[in-house]
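Let us walk through this chain together, going from the overall layout to a few individual side chains. Please keep the sequence and the structure side by side as you read.

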Amino acid sequence: MPTTLLSTLEEGWQFGHSTSGKSCPVCTCVVCGCESVGKTQLLASLTGRLPVPENFRGSTVACETYRDGDLSWTDTPGIVRESDTLATRSALEQIGSADRVMIVVRADRAAEELPALLTTTAGKSGFVTLTFADRISKESQRLTEELSQALGVPVFPVDARKLKPNEASAIREA
């Protein structure tokens, strides 16, 4: 992650503080991000529920819920900025009604994708997951701690296809 993202955040982007998934009987967590960032794969790895493989960009076209103990994860279609498609509107509606939000961005594109998503989710409790973490340098992975401090929420760099048990636990508890 380039420092340009951190300097952008210091200019006033705000995101709500994370809350524990145990604070309500069944917490709803909406998973949002741009197209093709690995939201569905991440949820499949978290819940053990396999996605239907698709071979085209933005293959999630409607919101789908995954139950995981006392968590209810809502997978949303990719948000296309400056778009008023039914899928984008549906994703934005889900964000508004959620207890918390997991923003998912590609680790190698966080500087481009994260600022608009932070604006979209402003004021909601949540956290950030960086997918494709295996494609960034070790130095960039170390910058995730600075990003977490700047946002005031946990940031998890992961490989969604090879999610480790400790990563899955940390995400559930965020």
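What follows begins with the whole chain and then turns to strands, rings, charges and cysteines. Do bear in mind that this is a predicted model.

Start with the overall layout. The chain has 6 helices and 6 strands, and from start to end their order is α-β-α-β-β-α-β-α-β-α-β-α. Of its 174 residues, 45% are buried. If you take the contacts with a separation of 6 or more, 73% of them are between residues 24 or more positions apart. The accessible surface is about 8,700 Å², and carbon and sulfur atoms contribute 49% of that area.

Now find strand β3, residues 71-75. How many of its residues are buried? The count is 5 of 5, so the strand is largely enclosed by the rest of the structure. In a regular strand, side chains alternate between the two faces of the sheet. You can follow this by looking at each side of β3 in turn: Leu71, Trp73 and Asp75 are on one side, Ser72 and Thr74 are on the other, and all are buried, which leaves both faces covered.

Strand β3 also has pairing partners to look at. With strand β1, residues 27-32, β3 pairs in the parallel sense over 5 bridges, and here cysteine 27 is opposite leucine 71. With strand β2, residues 64-68, β3 pairs in the antiparallel sense, again over 5 bridges. In that pairing arginine 67 is opposite serine 72. The hairpin of β2 and β3 has 2 residues between the strands, and glycine 69 adopts a positive phi near 65 degrees there.

Next, look at the aromatic rings. The structure has 1 aromatic pair. It is formed by phenylalanine 127 and phenylalanine 156, whose ring centres are 5.8 Å apart; their planes meet at 80 degrees, so the pair is edge-to-face. Phenylalanine 127 belongs to strand β5 (residues 126-131) and phenylalanine 156 to strand β6 (residues 155-157), so the pair ties together parts that are 29 residues apart in sequence. Both phenylalanine 127 and phenylalanine 156 are buried.

From phenylalanine 127 you can step across to serine 148, which sits in helix α5, residues 138-151. The C-alpha atoms of serine 148 and phenylalanine 127 are 8.7 Å apart, although 21 residues separate the two along the chain. Leaving aside residues up to four places away in sequence, serine 148 touches Val153, Pro154 and Val155.

Two arginines are also worth a look for their placement over rings. The charged end of arginine 49 is over the ring of tyrosine 66, at 4.6 Å from its centre. Arginine 106, for its part, lies over the face of phenylalanine 132, 4.0 Å from the ring centre.

Finally, turn to the cysteines. How many disulfides does a search of the whole structure find? The result is 0. Cysteine 32 is in no disulfide, and the nearest cysteine sulfur, belonging to cysteine 29, is 8.7 Å away; a disulfide would need the two sulfur atoms within 2.5 Å. Is cysteine 32 buried or exposed? Its relative accessibility is 0%, so cysteine 32 counts as buried. Cysteine 63, with a relative accessible area of 26%, is partly exposed.

Notes
Residues are numbered from 1 along each chain as its sequence is written. This is a predicted model: local features need pLDDT of at least 70, side-chain atom pairs count only at pLDDT 80 or more; totals for chains, interfaces and linings use all residues. Side-chain values use heavy atoms; hydrogens and water are left out. Helices (H or I, at least four residues) and strands (E, at least two) are DSSP runs, numbered from the N terminus. Buried means under 20% relative accessible area, exposed over 50%, partly exposed in between (1.4 Å probe, protein chains only). Contact means heavy atoms within 4.5 Å. Accessible areas come from the Shrake-Rupley method with a 1.4 Å probe; for residues, only the protein chains shown count as cover. Two strands pair if DSSP finds at least two bridges between them. Rings of Phe, Tyr and Trp (its six-membered ring) pair if their centres lie within 6.5 Å; planes under 30 degrees apart count as stacked, over 60 as edge-to-face and the rest as tilted. A charge sits over a ring if NZ of Lys or CZ of Arg is within 6 Å of the ring centre and within 35 degrees of the ring normal.
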